[in-house]
Amino acid sequence: MNNDRLNADDPGQDTSTVAEPPRRGIKSYVLRAGRMTAAQQRGLDEVWPQLGLKLEDGLLDLDAVFGRRAPRVVEIGFGMGASLIEQAETHPDTDFIGIEVHAPGVGKLLDEVDKRGLTNLRVYRDDALEVLTRCLPEASLDGLQLFFPDPWPKKKHHKRRIVQPAFVELVRTRLKPGGTLHMATDWEAYAEHMAEVMAEAPGFRNTSSEGPYVPRPEFRPLTKFEHRGARLGHGVWDLIYRRSE
Ligand SMILES: C[S@@+](CC[C@H](N)C(=O)[O-])C[C@H]1O[C@@H](n2cnc3c(N)ncnc32)[C@H](O)[C@@H]1O
């Protein structure tokens, strides 16, 4: 974990572990018992029944879930959800699905969705690998976002990085042809790893013609961390690949 990124709101403060949701393949997260604020608890208790999606309900009919046909974007590991909320609010014509295992983050997101009256955002509190495999139809997504995934910096932990050949192939099958996988990281070695995995991944084309990275697109909101990081001279790397096959 890049500790520079942690703040009082970040999932990652509390180190005690709790029961795990089911998963297959790699385990890219450590589930921590977090203190729940009243607003986060309200999100889980009162908003989850309307807007929460469940693994056990299986394959989604996205038009039925949102009651319309619209561009669809999934964000994996939204943390406390600030970026996802901002995108949903500024892109009312796009439907968003957030996937996060960390309960306080899910509660916070749901509380905000309700307070802002957003209708274009739904959420899973499950392992994204399970959700992609069991719930999201093939060729159903216009975009999949992975912003600041845990970098797992120690070599012995690299196998826990979510960006692996099997993961990106799973993502490819859930994207529509022409749909995009957008990753961002503040950990240079993870950015290089992402670029290496994607260079070998069949069926994707890099949207950048000049090396693996692109400038931050406007639709990815600047995080609190990035504001601070920019002042301290820290880098952030964005990578966007389009499904070509
Ligand atoms: C370093 S945090 C970044 C959070 C947020 N994207 C941000 O930029 O602040 C990574 C997040 O990914 C979540 N995560 C990691 N693996 C996941 C998985 N397989 N499924 C769902 N969430 C996952 C973690 O719980 C954590 O909240």
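Visitor: Leaving aside its neighbours within four places in sequence, which residues is V73 in contact with?

Guide: In this predicted model, V73 is in contact with T94, F96, L141, D142, G143 and Q145, once the neighbours within four places in sequence are left aside. The word "contact" applies because the C-beta atoms of each such pair, placed from the backbone, lie within 7 Å. One of these partners, L141, is 68 residues away from V73 along the chain, and yet their C-alpha atoms are separated by 6.0 Å.

Visitor: Why is V73 called buried?

Guide: A residue counts as buried if 20 or more other C-beta atoms lie within 10 Å of its own. V73 has 25 other C-beta atoms within 10 Å, and therefore it is called buried. V73 is found in strand β2, and 5 of the 5 residues of β2 are buried, so this strand is largely enclosed by the rest of the structure.

Visitor: How do you know that both faces of β2 are covered?

Guide: In a regular strand the side chains alternate between the two faces of the sheet. In β2, R72, V74 and I76 lie on one side, V73 and E75 lie on the other, and all of them are buried.

Visitor: What makes β2 and β3 a pair, and in which sense do they pair?

Guide: Two strands pair if DSSP finds at least two bridges between them. Strand β2 (residues 72-76) and β3 have 5 bridges, and therefore they count as a pair, in the parallel sense. R72 stands opposite D95 in β3, and V74 stands opposite I97 in β3. Strand β2 also pairs with strand β5 (residues 141-147), in the parallel sense and over 4 bridges, where the bridge partner of V73 is G143.

Visitor: Why is β3 described as mostly covered?

Guide: The description rests on 5 of the 5 residues of β3 (residues 95-99) being buried. D95, I97 and I99 point one way from this strand and F96 and G98 the other way, and all are buried. Strand β3 also pairs with strand β4 (residues 121-124), in the parallel sense over 4 bridges, and F96 stands opposite L121 in β4.

Visitor: What makes a right-handed β-α-β unit together with β2 and β3?

Guide: Helix α3 (residues 82-90) makes this right-handed unit with β2 and β3. The crossover is called right-handed because, with the strands pointing away from the viewer, the path from the first strand over the helix to the second runs clockwise. Another right-handed β-α-β unit is made by β3, helix α4 (residues 103-116) and β4.

Visitor: Where does UniProt place the feature "binding site"?

Guide: The UniProt record, an unreviewed entry, places this feature at K154, D186, T223, K224, F225 and E226. These positions are spread over 73 residues of sequence and also in space, up to 25.2 Å between C-alpha atoms.

Visitor: Why is T223 called buried?

Guide: T223 has 20 other C-beta atoms within 10 Å, and because 20 or more are needed, T223 meets the cut-off and is called buried. T223 is found in the loop between β7 (204-206) and α8 (224-232), and, leaving aside its neighbours within four places in sequence, it is in contact with A82 and S83. E226, which lies in helix α8, is also called buried because it has 20 other C-beta atoms within 10 Å.

Visitor: Which residues come nearest to the ligand?

Guide: Of the 21 residues around the ligand, Y29, G77, G79, A128 and F148 come nearest. By class, the shell has 12 nonpolar, 6 polar and 3 charged residues.

Methods. Residues numbered from 1 in each chain as written. Predicted model: local features only at pLDDT ≥ 70, side-chain atom pairs only at ≥ 80, totals over all residues. Buried ≥ 20, exposed ≤ 12 C-beta atoms within 10 Å, placed from the backbone. Helix = DSSP H or I, 4+ residues; strand = E, 2+ residues; numbered from the N terminus. UniProt positions renumbered as here; feature names shortened; annotations may be inferred. Contact = placed C-beta atoms within 7 Å. Near = placed C-beta within 6 Å. Nonpolar A, V, L, I, M, F, W, Y, C, P; charged D, E, K, R; others polar.
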